[in-house]
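Please walk me through this protein, beginning with one of its helices and ending with the overall form.

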Amino acid sequence: MLVAAAFCPHPPLLVPAVAGATTAVHRRLRAACAGAVAELVAESPDVIVVVGAGPRTYHADRRAGGTLRGYGPDVAYGGPEIGLPFAATIGAYLLDSSGWRGRRGYQVLDKRATAQQAARVGRGLVAETVGRMALLVIGDGSVRRSSTGPGHLDRRADAYDAQVSAALADADTVALLSLDEQPTDDLWVAGRVAWQAAAGALRGNLNVEAVVRYDAAPFGVGYFVASWRLRG
């Protein structure tokens with residue numbers, strides 16, 4: 001049974017060991033993510049599953065871990081079996097930082113998966129999990145929000161990310177599942193499949209308290225932090 005979901009982005013700046021200097025932007029984003037994960041932990045789920053994009057679709061258990069050595073210091077998070085892709089590694093870092101010591105798993109989705117495929121994975125997570133499950137959903141919005149961002153400015157990026165933010169604020173699974181692969185690819189959006197897996201897991205449940213804690217693009221990349229709490 002799904003009881004809650006937290007949505008966080010995956011910029012390396014979330015990790016102090018990687019980011020180096022700390023600015024107001026760093027502090028605000030880290031605080032928003034920490035708050036969302038703390039609320040997830042406070043639901044006392046039996047298991048938290050990290051959901052994020054990667055090169056292929058697979059599930060890993062608590063023994064899985066990941067390293068951020070490609071971004072500076074050779075730091076690792078999660079379990080001893082290193083191999084998680086970047087998004088799941090950031091999820092492992094957020095869980096480690098929260099003090100979570102309960103069961104965990106990692107659901108990696110092929111970044112090229114269709115909305116239907118991603119939703120099917122989300123539904124499968126709920127169906128196959130015994131007890132109360134929470135999701136930590138990891139993914140960035142468009143990297144084309146400004147001319148100084150990682151991608152060249154695309155005027156469609158603001159509207160796309162606004163659609164995502166509104167869908168997260170309303171727990172609108174229909175809107176999330178309507179995100180097409182083509183504009184997502186054009187706008188270099190990393191979070192689509194993870195958001196759509198969460199939409200599949202929710203399965204149209206209307207009794208959801210949803211809030212967006214952070215919605216900004218300080219470095220030309222759309223970052224969202226949101227919380228869903230299911231009731232009844």
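In this predicted model, a good place to begin is helix H8, where Arg192, Val193, Ala194, Trp195, Gln196, Ala197, Ala198, Ala199, Gly200, Ala201 and Leu202 are buried. Eleven of the eleven residues of H8 are thus buried, so the helix is largely enclosed by the rest of the structure. Just after H8 comes arginine 203, which has a positive phi, near 55°.

One partner of H8 can be found in another helix. Glycine 122 belongs to helix H4, which covers residues 115-128. When neighbours within four places in sequence are set aside, glycine 122 is in contact with Ala197, Gly200 and Ala201, and Ala197, Gly200 and Ala201 are among the buried residues of H8. Glycine 122 has a relative accessibility of 1%; because buried means under 20%, glycine 122 counts as buried too. Further along the chain, by 13 residues, is leucine 135, and the C-alpha atoms of glycine 122 and leucine 135 are separated by 9.8 Å.

A second set of contacts involves helix H3, which contains threonine 89. The relative accessibility of threonine 89 is 0%, so this residue counts as buried. Not counting residues up to four places away in sequence, threonine 89 touches Gly66, Thr67, Leu68, Tyr77 and Leu84.

Gly66 and Thr67 appear again in the contacts of alanine 76, which also include Ile82, once neighbours within four places in sequence are left aside. Alanine 76 sits in strand E5, made up of residues 76-78. Between the C-alpha atoms of alanine 76 and glycine 66 there are 5.5 Å, and the two residues are ten apart along the chain. Is alanine 76 buried or partly exposed? Its relative accessibility is 45%, and because the partly exposed class runs between 20% and 50%, alanine 76 counts as partly exposed.

Helices H3 and H8 return in the description of the largest pocket. The space in this pocket is about 280 Å³. Its lining consists of 18 residues, and the closest to the centre of the pocket are Ala53, Gly54, Lys111, Val189 and Ala190. Which elements each supply at least two residues of the lining? They are strand E2 (47-54), helix H3 (86-98), helix H7 (181-186) and helix H8 (192-202). Sorted by class, the lining has ten nonpolar residues, five polar ones and three charged ones.

The last step is to look at the protein as a whole. Its secondary structure comprises eight helices and ten strands. Along the principal axes, the C-alpha trace spans about 45 × 40 × 30 Å. The radius of gyration is 16 Å, which agrees with the value near 17 Å that a compact globule of 232 residues would have. Of the 232 residues, 54% are buried.

The contacts can be described by how far apart their residues are in sequence. Among contacts with a separation of 6 or more, 71% are between residues 24 or more positions apart. As for the surface, the protein exposes about 9,900 Å², and 52% of this area is supplied by carbon and sulfur atoms.

Key. Residues are numbered from 1 along each chain as its sequence is written. This is a predicted model: local features need pLDDT of at least 70, side-chain atom pairs count only at pLDDT 80 or more; totals for chains, interfaces and linings use all residues. Side-chain values use heavy atoms; hydrogens and water are left out. On a 1 Å grid over the protein atoms alone, a cavity is a set of points where a 1.4 Å probe fits but cannot get out, and a pocket is an open set with protein on both sides within 12 Å along at least five of seven lines; lining residues have an atom within 4 Å of a point. Grid points are joined across faces, edges and corners, and a volume is the space filled by probe spheres set on the points. Helices (H or I, at least four residues) and strands (E, at least two) are DSSP runs, numbered from the N terminus. Ala, Val, Leu, Ile, Met, Phe, Trp, Tyr, Cys and Pro count as nonpolar, Asp, Glu, Lys and Arg as charged, and the others, Gly among them, as polar. The radius of gyration is taken over C-alpha atoms; the globule rule is 2.2 Å times the number of residues to the power 0.38. Buried means under 20% relative accessible area, exposed over 50%, partly exposed in between (1.4 Å probe, protein chains only). Contact means heavy atoms within 4.5 Å. Accessible areas come from the Shrake-Rupley method with a 1.4 Å probe; for residues, only the protein chains shown count as cover.
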